[in-house]
Amino acid sequence: MGTKLQLDHRLHGLLLLLVCLVRGALTLNLDGSPGSYLKYPPWDPCLNGSLSFEFKTKEPNSLLLYLNKGGFMYFEIKMYKGGIRLRLNFGDGTQILRAGEALNNGEWHSVEVRQDGDSTFLKVDNLEQHKKSSTALQDFTPSTSTNDTFLFIGGIPPEYDSRKFQSLALKSVIFEPRFTGSIRNLFYRTCGAEAFRPQPLESYGVLSKDIDHCERGNPCLNGGKCLTTDSGVYCDCQSTEYKGDRCDI
């Protein structure tokens with residue numbers, strides 16, 4: 001029953017994505033509810049590739065993007081205390097880049113990650129940081145021998161909490177707060193080729209309408225987080241000691 005419900009949710013999410021694409025909408029709105037995510041084909045940075053997107057949110061901490069290579073190699077972009085933190089491992093240990101502040105202001109901001117030889121660049125709006133790696137980046141090329149190499153936006157699918165947990169290079173990623181907000185203009189550029197817009201493979205928690213029911217006020221009690229979903233208002237009680245529809249128990 002649980003597997004069938006997950007498949008129904010994914011099918012519903014994919015249908016919403018197709019509707020957005022047919023209508024020409026370039027903005028995808030994630031509700032941040034438990035299990036919400038967008039799934040894309042893997043991005044291969046090579047020695048001169050890039051990845052870019054725009055986002056807006058009012059939350060200071062959340063997972064924006066995660067690419068799992070397998071083994072111990074990964075690529076993660078997250079909101080951290082209102083700024084952007086890029087954490088990655090190309091095979092020579094964890095590296096961290098930070099840029100931007102107070103980005104959770106509900107306005108659009110741009111993020112670009114660019115690889116130039118052994119240097120990784122993180123650009124947030126007009127601020128850029130970079131670091132050098134001692135390992136050639138072609139070693140980070142996503143493996144074609146596994147079915148678990150994908151790029152996720154906003155969160156990790158629920159099955160990685162249990163049966164696929166060991167396939168995650170960065171296992172702490174499943175505990176990151178899910179992204180609540182909007183994503184648009186995601187582009188890959190692979191191995192110096194022309195930039196292209198990848199098509200989403202599946203999703204859950206994508207809003208069909210850009211309406212924020214929580215703007216009318218927060219009905220959630222005891223510090224519960226108000227989320228707008230297609231079914232109406234949802235109270236996320238995970239960060240509290242309460243439960244119930246309004247975090248009142």
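What share of the contacts in the chain with a separation of 6 or more is accounted for by residues 24 or more positions apart? In this predicted model, such residues account for 62% of those contacts. The secondary structure of the chain comprises one helix and 15 strands, and buried residues make up 47% of its 249 residues. The chain exposes about 12400 Å², of which carbon and sulfur atoms supply 51%.

Six of the strands form an open sheet in the order 1-12-3-8-9-10, with antiparallel pairing. Its edges are strand 1 (27-30) and strand 10 (127-132), each of which pairs on one side only. Neighbouring strands of this sheet are turned against each other by 20 degrees on average, direction ignored.

Within the sheet, strand 3 (residues 50-57) pairs with strand 12 (residues 181-189) in the antiparallel sense over seven bridges, and glutamate 54 is placed opposite arginine 184 of strand 12. Strand 3 also pairs with strand 8, again in the antiparallel sense, over six bridges; here phenylalanine 53 stands opposite valine 111 of strand 8.

Strand 8 (residues 109-116) in turn pairs with strand 9 (residues 119-124) over six bridges in the antiparallel sense, and valine 111 stands opposite valine 124 of strand 9. These two strands form a hairpin with two residues between them, in which glycine 117 takes a positive phi near 65 degrees. In a regular strand, the side chains alternate between the two faces of the sheet. Strand 8 shows such an alternation: His109, Val111, Val113 and Gln115 point to one face and are buried, whereas Ser110, Glu112, Arg114 and Asp116 point to the other face and are not buried. Val111, which is among the buried residues of strand 8, is thus placed opposite residues on both neighbouring strands, namely phenylalanine 53 and valine 124.

Empty space in the model was examined as well. Rolling a probe the size of a water molecule over the atoms shows where such space is left. The largest pocket has a volume of about 610 Å³ and is lined by 23 residues, of which Lys58, Thr180, Gly181, Asp212 and Glu215 lie nearest its centre. The elements that give two or more residues to this lining are strand 1, strand 3, strand 12 and strand 14 (225-229). Strand 14 gives the most, with four residues, while strands 1, 3 and 12, which also contribute to the lining, belong to the six-stranded open sheet.

Key:
Residues numbered from 1 in each chain as written. Predicted model: local features only at pLDDT ≥ 70, side-chain atom pairs only at ≥ 80, totals over all residues. Heavy atoms only, no water. Pairing = 2+ DSSP bridges. Axes fitted to C-alpha atoms, helices over the stretch in contact; angles between N-to-C directions. Buried < 20%, exposed > 50% of the residue type's maximum accessible area, 1.4 Å probe, protein only. Contact = heavy atoms within 4.5 Å. Areas by Shrake-Rupley, 256 points an atom, 1.4 Å probe, with all protein chains shown as cover. 1 Å grid on protein atoms, 1.4 Å probe; cavity = no way out; pocket = protein on both sides within 12 Å on 5 of 7 lines; lining within 4 Å. Points joined across faces, edges and corners; volume = space filled by probe spheres on them.
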